[in-house]
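This briefing goes with the sequence and structure shown here. Please keep both in view while reading.

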Amino acid sequence: MKKGLVVSVVLLITTLFIFPSSTAISAAVRSVCIDPGHGGADIGTSNGGITEKDLNLNVANKLASILIANGYTVYQTRTTDVTLSNRDRYTFCNGAWADILVSIHHNGSTNPDIDYSTALYMKKSDVDLARSLVNTLSGKLGTTNNGINRFASGVLIKAKMPAAISEGFFLTSSYEYSLLTDGTDKRAQDEAQALYEGIVSYFATH
Ligand SMILES: [Zn+2]
């Protein structure tokens, strides 16, 4: 143990010496605060027996697993079905000093034919993250890309880091409902993968 530790320290010092600053900086672990929208008494939109709060949490948990497996640090505002205020959400993410905040939602409409991806931003520093997310969502899910829209969400306004709300697709869409009830959970897994790829793409240039 002790000998191994000494070897590790020597290797670390050697590495830092041979590859100055740039290596040390690029090796920094990126952190993501995932915020599954709604929860508890607040169910969000719904379709049949599927509530937005449950779908948001399912996608969030899948995204967290992918991020952790790829070496990212993850904070998550809720991992169970609890009611949270916007204040609870941004306070948690700000307190964690996360690099970015990604809030996961799904859209709703009275028209079951409407379905598209969009991402919401508020601050100028949110724009690139929102754009990256909607592009990978639309690309991987095969949905219409409705681009990004400015939205005065309490979470986005108060977040100290770049933040965006993902609206992956319309839960109320009859097409999405058929995918969500095919018994495979593939739609949620694909969405989580798309969000992951959007995050990686954002970090590649920020
Ligand atoms: Zn929502």
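The points below cover the fold, the sheet, two helices, the nonpolar core and a few single residues.

The model is predicted. Its protein chain holds 8 helices and 8 strands. Of its 206 residues, 41% count as buried. Among contacts between residues at least 6 apart in sequence, 77% join residues at least 24 apart.

**The sheet**

- Six strands make an open sheet with mixed pairing, in the order β4-β1-β5-β8-β6-β7.
- The edges are taken by β4 and β7 (144–150); each has a single partner strand, so one side of each has no neighbour in the sheet.
- On average, neighbouring strands of this sheet are turned by 20° against each other, direction ignored.

**Strand β1 and its two partners**

- Of the 6 residues in β1, 5 are buried, so the strand is mostly covered.
- β1 and β4 run parallel and are joined by 4 bridges.
- Valine 32 has valine 74 of β4 as its bridge partner.
- The pairing of β1 with β5 is also parallel, and it extends over 5 bridges.
- In β5, serine 103 is the bridge partner of aspartate 35, and valine 102 is that of isoleucine 34.

**Threonine 73, in an edge strand**

- Threonine 73 belongs to strand β4, which stands at an edge of the sheet.
- It counts as partly exposed because it has 14 C-beta neighbours inside 10 Å, where 20 or more would make a residue buried and 12 or fewer would make it exposed.
- Leaving out residues up to four places away in sequence, threonine 73 touches Val29 and Ser31.
- The C-alpha atom of threonine 73 is 6.2 Å from that of arginine 30, although the two residues are 43 residues apart along the chain.

**Helix α4 and the loop after it**

- Helix α4 spans residues 86–95, and Arg89, Tyr90 and Cys93 are buried in it.
- These three residues lie on the same side of α4, because they cover an arc of only 85° around the axis.
- Arg87 and Gly95 are exposed on the other side of α4.
- The buried residues of α4 pack against three strands and a helix: β1 (31–36), β4 (73–76), β5 (100–107) and α6 (154–158).
- Two of these strands, β4 and β5, are also the ones that pair with β1.
- Tryptophan 97 lies in the loop between α4 and β5.
- Tryptophan 97 counts as exposed because it has 11 C-beta neighbours inside 10 Å.
- The phi of tryptophan 97 is positive, near 55°, in a residue other than glycine.
- Most residues other than glycine have a negative phi.

**Helix α8 and the loop before it**

- Aspartate 185 is in the loop between α7 and α8.
- Aspartate 185 also has a positive phi, with a value near 65°.
- With 12 C-beta neighbours inside 10 Å, aspartate 185 counts as exposed, since a residue is exposed at 12 or fewer.
- Helix α8 (residues 186–205) has 20 residues.
- From its first C-alpha to its last, α8 reaches 29 Å, close to the 28 Å expected at 1.5 Å a residue.
- The buried residues of α8 include Arg187, Glu191, Leu195, Tyr196, Ile199 and Tyr202.
- The cover over the buried residues of α8 includes the helices α3 (52–69), α5 (127–141) and α7 (174–180).
- The strands β1, β5 and β8 (163–170) are also part of that cover.

**The nonpolar core**

- In soluble globular proteins, nonpolar side chains tend to be buried together.
- Here the largest nonpolar core has 45 residues.
- The residues with the most contacts inside this core are Leu63, Leu101, Val102, Ala119, Ala130, Ala164 and Leu195.
- One of them, Val102, is the bridge partner of isoleucine 34.
- Another, Leu195, is among the buried residues of α8.
- Apart from neighbours within four places in sequence, alanine 119 is in contact with Ala130, Leu133, Val134, Ile148, Ala164, Ile165, Ser166 and Glu167.
- Two of these contacts, Ala130 and Ala164, are themselves listed with the residues that have the most contacts inside the core.

Note on methods: Residues numbered from 1 in each chain as written. Predicted model: local features only at pLDDT ≥ 70, side-chain atom pairs only at ≥ 80, totals over all residues. Helix = DSSP H or I, 4+ residues; strand = E, 2+ residues; numbered from the N terminus. Arc of directions from axis to C-beta. Contact = placed C-beta atoms within 7 Å. Pairing = 2+ DSSP bridges. Core = buried A, V, L, I, M, F, W, Y, C linked by C-beta atoms within 7 Å. Expected span 1.5 Å × (residues − 1). Axes fitted to C-alpha atoms, helices over the stretch in contact; angles between N-to-C directions.
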